Amino acid sequence: VQTCALPICTSSCSSLFLELGLSEVGYKDALTYKITKKGLKVENEVDVPTCYDDAIMEHNLELNILVER
């Protein structure tokens, strides 16, 4: 884990963000930043079609963060 204002990508980081009053959006933004800084492509809030038994379902799966599609 690299050092920054708050450690990112640790097992307790999300609860730390919430305990400090920081929003889930702030945590997602920080995580997205760290991942892209490592050279990976990131997409946020991605809808992914879901299929079952060769049929496309009515509702998509919404991913908060998609890394390297």
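Tutor: Let's start with a term: a residue is buried when its relative accessible area is under 20%, exposed when over 50%, and partly exposed in between. Keep in mind that this is a predicted model.

Student: Okay, what share of the 69 residues of the protein chain counts as buried?

Tutor: It comes to 19% of them. As for the surface, the protein chain exposes about 5,400 Å², and carbon and sulfur atoms supply 55% of that.

Student: Which residues are buried in H2?

Tutor: In H2 you'll find Tyr27, Lys28, Ala30, Leu31, Thr32, Lys34 and Ile35 buried.

Student: How do I place H2 in the overall layout?

Tutor: Read the elements in order. The protein chain has 2 helices and 4 strands, and along the sequence they follow the pattern α-α-β-β-β-β. Helix H2 covers residues 24-37, and after H2 comes Gly39, with a positive phi near 95°.

Student: What span should the 14 residues of helix H2 have?

Tutor: The idea is to take 1.5 Å times one less than the number of residues. For helix H2 that gives an expected 20 Å, and because its end C-alpha atoms are 20 Å apart, the two agree.

Student: Lys28 caught my eye. Why does Lys28 count as buried?

Tutor: Its relative accessibility is 16%, so Lys28 falls in the buried class.

Student: And what does the side chain of Lys28 meet in a salt bridge?

Tutor: General idea up front: side chains of opposite charge can pair when their charged atoms come close. Here, the side chain of Lys28 meets that of Glu45, at 2.7 Å from N to O. Glu45 lies in strand E1 (residues 42-48) and Lys28 in helix H2, so the pair ties together parts that are 17 residues apart in sequence. Glu45 counts as partly exposed because its relative accessibility is 39%.

Student: How many salt bridges does the count come to?

Tutor: The count is 1 salt bridge.

Student: Let's try a strand residue. Where does Leu61 lie, and which residues is Leu61 in contact with, leaving aside neighbours within four places in sequence?

Tutor: Leu61 lies in strand E4, residues 61-67. With those neighbours left aside, Leu61 is in contact with Val46, Asp47, Val48 and Thr50. Thr50 is 11 residues from Leu61 along the chain, yet their C-alpha atoms are separated by 6.3 Å. At 45% relative accessibility, Leu61 counts as partly exposed.

Student: And for the chain as a whole, what portion of contacts with a separation of 6 or more joins residues 24 or more positions apart?

Tutor: That portion is 25% in the protein chain.

Key. Residues are numbered from 1 along each chain as its sequence is written. This is a predicted model: local features need pLDDT of at least 70, side-chain atom pairs count only at pLDDT 80 or more; totals for chains, interfaces and linings use all residues. Side-chain values use heavy atoms; hydrogens and water are left out. Buried means under 20% relative accessible area, exposed over 50%, partly exposed in between (1.4 Å probe, protein chains only). Contact means heavy atoms within 4.5 Å. Accessible areas come from the Shrake-Rupley method with a 1.4 Å probe; for residues, only the protein chains shown count as cover. A salt bridge is a side-chain nitrogen of Lys or Arg within 4 Å of a carboxyl oxygen of Asp or Glu.
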